[in-house]
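Colleague: Hi! Could you walk me through this model before I get back to the bench?
Modeller: Happy to, here it is.

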Amino acid sequence: MNRPLASGRTVGGLRGLSLQAPAVTLLLLWMIVPLGMTLWFSFQRYNLLMPGMDGFAGLENYQYLVTDPALWTAMGNTLLLVGWVLAISVIGGTLLAVLFQQDFAGRGIARVLVISPFFVMPTVSALVWKNMMMHPSNGVLAWLFESVGLPAVDWFSSLPLTSIVIIVAWQWLPFALLILLTAMQSLDEDQVEAARMDGAGPVAIFFFITLPHLKRAISVVVMIEMIFLLTIFAEIFVTTSGGPGLATTNLAYLIYIRALLDFDVGTASAGGVIAIILANIVAIFLVRMVAKNLED
Amino acid sequence: MRFVRHLPVTALAAAIAISGHAQAQTEITVATVNNNDMVIMQSLTEVFEKAHPNITLDWVVLEENVLRQRMTTDIATGGGQFDVMTIGTYEVPIWAERGWLTPLDELPDDYNVDDLLASVRDGLSYDETLHALPFYAESSMMYYRKDLFEEAGIEMSEQPTWEEVREWASELHGTQDGLAGICLRGKPGWGENIAVVSTLVNTYGGRWFDEEWNPEINSEAWVNAVQFYVDLLNDYGPPGASSNGFNENLALFSRGNCAMWVDATSAAGKLYDGNESSVSDSLGFAPAPVAKTPKGSHWLWSWALAIPASSEKQEAALEFITWATSEEYVELVGDTEGWTNVPPGTRESTYANKQYIEAAPFAGFVLEAIKNADPTDSTLEPSPYTGVQFVGIPEFQSIGTRVGQTIAAALTGDTTVEQALDRAQRATERTMQRAGYTD
């Protein structure tokens, strides 16, 4: 308990501050400048296509955005997308981690293969899914469905959000697996052995030993994935363009529409600020959860 | 030793030589769309550079939507990244009004500006002055499969109606494996499904706005037209119609999966080319179908080359755009790439050319369609805007995109047509209020 205090004193004071200053200043600028500009623009009437209409807009942009039904649809879609992908990748990742921890022939190769989707670029994987997997006439899934006598599904028009969830989950499941598998490897074999000798079955071992052991790793996975999933864009842009209607428009895509299709920088910035608020609300809950887990 | 001592001098001399060389050369950046005709233009870079040794070309070739975003952000912020931009009849008057484009009032004498088709020239003018030169122009028309029509004993009328199209589609749909009665654009976007839907609405007697700029998107004419479009595609269209744009339909039709297709005249060259299309022998042409009124039943669009006012290399850029839109260029493409591949719809002289008429039997149809498309009078009731398949105001990009999305949602059955159009109407009202057109 005493050691950190002592070392804190040696680099403390003015010298410590001056040593930290460059890094901290850089990070602060890195964050403050874009954030400040977003805030500034969100209070401006600024449309690229309408020069001469610029000026202070007050809360007009926010009012316009909040009264737009599209915003609430997009928020709902964002949360649905994050929720489902998290559920699939965490549950699937845990089960797969347990599976890949077992000894079997060719385990090394199998591990590499199962992790590889994570290394495929989002746009590429979206294109592969769109044109080779989910295409209603020449996709693999259509062929599979037809070979068992079911009608082919036109994924992106009849189940748009589900399709996006599948694609994104396919990409992020390996990430969860990667983290959880490493966590599994630090699981004390003696403990498992002891439990087995006490007569615990595999199910009981999973729930009472493996899962508690993975708790920390799972909360890390949840937090990291959440940060990335809130801003999913490429998969939507490539496959559905946010449609049909607004069925797959999330907050990031809505901001893109406002900024680069409507060229309405003011409203887009207001959307950005709302996204920051949403991300922070989510993050506060998460940080608490993770912090609690780490304390235990 | 001597060599080493001379090294700095040699290096300096070389540097001077290089910089001197660079000064004589002007490099212009050309932003263009990845359409077939523009790719041909890019492939002819060497020919241009050989004829103009002091100019080199740097290309930025992108997909239409991405290109539009990059160009709009660049020109609106005065970025000056590009010296030549490829823009359409929608952008030219709007951008010219804002002073973003260089007026082209002093064209070289040998350019023969009076050879340009009048309707295309009007579309690219603002204040009676050309602000862009047409690279190619297109209208819309109907393609059909003569063999299938003959087999079924159907005769194509001189001016088909949409009602007839529905009947024919129902007769031909599914008569062969994977054959759709009709293919139409379903992919959302103001340049995609809205182009087709707009012409349908026009010919059903509807309009985007009344004379006071109040949106009329949930009017009876709109409901009828969109309901017809949705039913037609759901009953007799190809699977996954809501994600088919121009290129997807072109592929479907040239593989023989559509009995009829109403789309851009610029597809004719590719469909007629036996190397790219399996239906070139049985390809039939007809004017775009009509319903209540022939007004606005086929669109007018032209891709044109313009020089942004922010460019610092105006002269070189002008030299390039006059070359790429000249008679000489049309002939160059005809000789090197084949006459079906020449950029259509811009010059009278192209249509007077025997080689072209011989190689492209559709030429007359296309010329006729382009000539009698009138962007200033495209709706049954008077409207305050110009444009057949678009509305010539800056807000239309966002309005068109949003309405396109809701119509796609109606096409997939997520919402009914009435719901979709009501939603589109409300969104458009909001946009127009915000832009200050209406209270």
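Colleague: Where in chain B does pLDDT stay under 50?
Modeller: That happens over residues 12–22 of chain B, for which the model has zero contacts beyond four places in sequence. pLDDT is the predictor's confidence in each residue, from 0 to 100, and two residues are in contact if their C-beta atoms, placed from the backbone, lie within 7 Å. Where pLDDT is low, the predicted coordinates should not be read in detail.

Colleague: Fair enough. What are the ground rules here?
Modeller: This is a predicted model, so local features need pLDDT of at least 70 and side-chain atom pairs count only at pLDDT 80 or more, while totals for chains, interfaces and linings use all residues. Residues are numbered from 1 along each chain as its sequence is written, and chains are lettered from A and ligands numbered from 1 in the order in which they are written.

Colleague: And what is the mean pLDDT of chain B?
Modeller: The mean is 89, and 95% of the residues of chain B reach 70 or more. Among the elements of chain B, helix H1 (residues 2–24) has the lowest mean, 49, and helix H10 (residues 220–236) the highest, 96. Helices (H or I, at least four residues) and strands (E, at least two) are DSSP runs, numbered from the N terminus.

Colleague: What ipTM does the complex get?
Modeller: The predictor gives an ipTM of 0.73, with a pTM of 0.80.

Colleague: How many residues does each chain bring to the contact?
Modeller: Chain B brings 22 residues and chain A brings 21 residues. On the chain B side, helix H4 (64–76) and helix H18 (396–411) are the elements that give two or more residues. H18(B) gives the most, with seven residues.

Colleague: Switching topic, which domains does chain B have?
Modeller: The assignment, automatic or from a database, gives domain 1 (25–131 + 301–359) and domain 2 (140–299 + 373–434) of chain B. Their centres, taken over C-alpha atoms, are 28 Å apart. Eleven residues from domain 1 of chain B and 13 residues from domain 2 of chain B make up the contact between them.

Colleague: Which residues does B:Ala132 contact?
Modeller: Leaving aside neighbours within four places in sequence, B:Ala132 is in contact with B:Ile87, B:Val92, B:Leu101, B:Leu124, B:Ala304, B:Leu305 and B:Ala306.

Colleague: Great, thanks!
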